[in-house]
Amino acid sequence: MNHTILNVDDTRLEGWVDSYYDISFPDDMPSQVIPPLGMPVLKFHYGCGAEEFYRSHSIKEKAFCIGQITQPVLLEPRKGVSFIGINFSIWGMYRL
């Protein structure tokens, strides 16, 4: 897994956005359980096999707003899948 997590340097986004990231999977990986983050998240999936990334949840969309998850999510990382995401601050998405 290749990942880059960046903090937001733009003062206009302070209080709204916590961080943003880019993650890609050059090879298939074992299933991974992701715990709740405690913040709303906006994700955009792209690449081959993106429709199978959340296979256990029957989610087929490639771009969606997750909101605050309340239970762990099972991911099925596949070769060629990538996503970019925005981690909002606790009240950041509400303020938009």
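Two aromatic pairs turn up in a search of the whole structure, which is a predicted model. The table lists both with their geometry.

| Ring pair | Distance between centres | Angle between planes | Class |
|---|---|---|---|
| Tyr-21 and Phe-83 | 5.9 Å | 90 degrees | edge-to-face |
| Phe-25 and Phe-83 | 6.4 Å | 40 degrees | tilted |

Planes over 60 degrees apart count as edge-to-face, so the 90 degrees between Tyr-21 and Phe-83 puts that pair in this class. Tyr-21 belongs to strand S2 and Phe-83 to strand S7, with their positions 62 residues apart in the chain. Phe-25 lies in the loop between S2 and strand S3 (32-34), so its pair with Phe-83 ties together parts that are 58 residues apart in sequence.

Through these ring pairs, Tyr-21, Phe-25 and Phe-83 form a cluster. Tyr-21 is buried. Phe-25 has a relative accessibility of 3% and counts as buried, and Phe-83 is buried at 4%. Lys-43 lies over the face of Phe-83, 4.4 Å from the ring centre.

The strands that carry Tyr-21 and Phe-83 are also paired: S2 and S7 (residues 81-88) run antiparallel and are joined by seven bridges. One of the bridge partners across them is Ser-82 in S7, opposite Ser-24. S2 (residues 17-24) also pairs with S1 (residues 2-7), in the antiparallel sense and over six bridges. There, His-3 has Ile-23 of S2 as its bridge partner.

Overall, the protein has one helix and seven strands, in the order β-β-β-β-β-β-β-α along the sequence. Of its 96 residues, 30% are buried. Among contacts with a separation of 6 or more, 69% join residues 24 or more positions apart.

Terms used:
Residues are numbered from 1 along each chain as its sequence is written. This is a predicted model: local features need pLDDT of at least 70, side-chain atom pairs count only at pLDDT 80 or more; totals for chains, interfaces and linings use all residues. Side-chain values use heavy atoms; hydrogens and water are left out. Two strands pair if DSSP finds at least two bridges between them. Helices (H or I, at least four residues) and strands (E, at least two) are DSSP runs, numbered from the N terminus. Buried means under 20% relative accessible area, exposed over 50%, partly exposed in between (1.4 Å probe, protein chains only). Contact means heavy atoms within 4.5 Å. Rings of Phe, Tyr and Trp (its six-membered ring) pair if their centres lie within 6.5 Å; planes under 30 degrees apart count as stacked, over 60 as edge-to-face and the rest as tilted. A charge sits over a ring if NZ of Lys or CZ of Arg is within 6 Å of the ring centre and within 35 degrees of the ring normal.
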